[in-house]
Amino acid sequence: MGSSEDASPSIEIEARPIDNVFKFPSPLPKWPQGEGFASGVIDLGSLKVRQIWSFSKVAEIHHGGPENLGVTFFEPYQIPEGFSMLGSYAQSNNKPLFGWVLVASDESGEILKQPVDYTLASRAAKTKRETNKEFAYLWLPVPPDGYEPVGYMVTKSSTKPALDNIRCVRFDFTDKLENDGWIWGEGKGEKDEGLKVYGSRPENRGSKAEQLSVGTFIVANNSGSQPLACLKNKNLNSSLIMPNLTQIKALFQEYSPYIYFHPKEMYLPSSVNWYFINGALLYKKSNESNPTGIEPNGSNLPRGGSNDGSYWLDLPADKAAQELVKRGDLSSAEVYLHSKPMLGATFTDIQVWIFYPFNGPATAKLGVIEKIPLGKIGEHVGDWEHMTLRISNFNGILQKVYFSQHNAGKWVDSSSLEFHQGNKLIGYSSRNGHANYPKEGANLQGTEEIGLRNDTAKSDMVLDTGKFSIIAADNPFTEEEVAAPPWLNYSREWGAKRTYKLRNEIKILEKILPNHLKSALDKLIDMLPEEIFGEHGPTGPKMKDNWYGDERDDQKN
């Protein structure tokens, strides 16, 4: 996985993270037997593909990109007989080597073709201090009519690569792609001059989408992105490449997150059943004075329909009971798993849903004032948060993890995660707001001077997600085996509308601030995510757009 064979003489430079190959803390187990999951090969419909995680280094640049550490370009190493290269791999030098590209085998003899020529997409130069005067030449294959390139060739010289080094793909097996995070360049913004390199992903993504990533990169310059395509799985209806329930359980037990809460966290998670048993109420519009209790499994909740405001949930009516329920019950807490195919069923996403009875008030940084409470801003009843594990269906490797945050979230490669007891990843829940992060810290959302604090830190309060229930598995091979809890199909809000007014909360803050920070407060209010001002409780997991679609992330540049 991710090994590198260096095909060029070494240069005396300071060691960088990419010089090390990432390995999980513990060897991965042999997964339970099933059908096609973790078999190493996926059939897209007469086009078979494999993931290659081992590479030969072709060229490297020692400046630019994240942390100004440069980029390294690779070719897949030890391609199996009968398979062909589709494109090169690129990775920023600021993290250990960990990645993959697809190689393909054409059973029909008509889906893959050699290019007819190459055009030089760009030339990436090394710095003046590097005496060997090498360059990275990025070549775009020119496809035959009816075919599309899905990756670049990279060389260290200006000589065009051999035509038989790479394959183009017939157009009906391709689709549009987009960039997926900055890899390298002197700047990542559209206004920055010069060459930029990004990761790639399909433009259309979701549990029913055919499109899949090749693992290659996009080259962009002032004239825009080059015309590459992603692949399509034309054999998507086959369920055999998805893990069955036994395999899903084994995968999650191997990687299950260990989530730390802040030492000052007051509002902890609970199980949904605990919330209902301890007095949560169901309200109906036009009959607000007569709320009803909720069965432990939610069997008396209205199901179906839309979030039309006809019903909502709220805390118990009794004040003492309200305070008890708001604080949650960590001992009862469990996580709720939803597995689904992603990227043309080449990956399985396991969403890890966590329920909090109450979301606490927000805290901000304003200039020299490191921590300033924002009154009731951020408070609401019912809080659903989640993390998502993206696991390769080729081999069961955890590629990356999604951490949900306010309005969106962030994907983090496994090579950048912390681990606890073998391969169980570590996550952190932010104080009061419960946004998820991979590291401890203030996690300021905004600028370095003004922003929302999402403080995370280790404490004795920990949620071991090894206690879980599978509530949905979107796969024909397993869907009949999963009994969804009744509350999953409740489509209305999990919390009541709050009547506090934002302007009043801001006036309270303005009274305690010196004049020179009042303008900073206005800037803060303008930049805060809409979720923070939400006076309504959230809808449940199944009503989120990421239940069937991809996660909302902040990596697109």
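1. Among contacts in the chain between residues at least 6 apart in sequence, what percentage join residues at least 24 apart? The figure is 70%. Keep in mind while reading that this is a predicted model. DSSP-style bookkeeping gives five helices and 39 strands for the chain. Buried residues account for 57% of the 557 residues. The accessible surface comes to about 23,300 Å², and carbon and sulfur atoms own 47% of that.

2. Start with helix α1, residues 245–255, which is mostly covered, with eight of its eleven residues buried. The buried set is Leu245, Gln247, Ile248, Ala250, Leu251, Phe252, Glu254 and Tyr255, so you'll find Gln247 and Glu254 listed alongside Leu251 and Phe252. What do these residues pack against? Strands, as it turns out: β26 (335–342), β27 (347–359), β30 (380–392), β31 (398–404), β34 (424–429) and β39 (468–473). At the N-terminal end of α1, asparagine 244 acts as the cap, with a side-chain oxygen 3.2 Å from the backbone nitrogen of threonine 246.

3. Next, a little open sheet worth a look: three strands in the order β9-β14-β12, paired antiparallel. The edges are taken by β9 (112–113) and β12 (147–148); each has a single partner strand, so one side of each has no neighbour in the sheet. Between β12 and β14 (residues 168–170) there are two bridges, and tyrosine 147 has arginine 170 of β14 as its bridge partner.

4. Strand β16 (residues 177–185) has eight of its nine residues buried, so the rest of the structure largely encloses it. Six bridges tie β16 to β17 (residues 196–202), and the two run antiparallel. If you want a landmark on that pairing, tryptophan 184 sits opposite valine 197 in β17.

5. On cysteines: the structure holds zero disulfides. Cysteine 168 is buried at 0% relative accessible area, and cysteine 230 is buried too, at 2%.

6. Salt bridges come to 22 in the structure. Three pairs are good to click through. Glutamate 60 and lysine 57 meet at 3.7 Å, N to O, and both residues are buried. Aspartate 455 and arginine 453 meet at 2.7 Å, N to O; aspartate 455 is buried at 12% relative accessibility, and arginine 453 is buried at 12%. Lysine 326 pairs with glutamate 323, their closest N and O atoms being 3.4 Å apart. Why is that last pair separated by about one helical turn? Because lysine 326 and glutamate 323 are three residues apart in helix α3 (residues 319–326). An α-helix has 3.6 residues a turn, so residues three or four places apart point the same way. Lysine 326 is buried, at 14%, whereas glutamate 323 is partly exposed, at 39%.

7. There is also a salt-bridge network to trace. It links Glu178, Asp180, Arg201, Arg205, Asp349, Arg390, Lys400, Asp550 and Asp553.

8. Histidine 262 deserves a stop. It is in the loop between β22 (258–261) and α2 (272–277). Buried or exposed? Histidine 262 counts as buried, because its relative accessibility is 10% and the cut-off for buried is under 20%. Leaving aside neighbours within four places in sequence, the contacts of histidine 262 are Ser429, Arg431, Asp455, Thr456, Ala457, Ser459 and Met461. One of those, Asp455, is the partner of arginine 453 in a salt bridge.

9. Finally, two backbone spots to check. Most residues other than glycine have a negative phi. Glutamate 67 has a positive phi, near 60 degrees, and lies in the loop between β4 (55–61) and β5 (71–76). Asparagine 432 has a positive phi as well, near 70 degrees, and lies in the loop between β34 and β35 (436–437). Which of the two is exposed and which is buried? Glutamate 67 counts as exposed, at 62% relative accessibility, whereas asparagine 432 counts as buried, at 9%.

Conventions
Residues are numbered from 1 along each chain as its sequence is written. This is a predicted model: local features need pLDDT of at least 70, side-chain atom pairs count only at pLDDT 80 or more; totals for chains, interfaces and linings use all residues. Side-chain values use heavy atoms; hydrogens and water are left out. A disulfide is a pair of cysteine sulfur atoms within 2.5 Å. Buried means under 20% relative accessible area, exposed over 50%, partly exposed in between (1.4 Å probe, protein chains only). Two strands pair if DSSP finds at least two bridges between them. Helices (H or I, at least four residues) and strands (E, at least two) are DSSP runs, numbered from the N terminus. Contact means heavy atoms within 4.5 Å. A polar contact is a pair of N or O atoms within 3.5 Å; within protein, one must be able to donate a hydrogen and the other to accept it, and residues adjacent in sequence count only if both atoms are side-chain atoms. Accessible areas come from the Shrake-Rupley method with a 1.4 Å probe; for residues, only the protein chains shown count as cover. A salt bridge is a side-chain nitrogen of Lys or Arg within 4 Å of a carboxyl oxygen of Asp or Glu.
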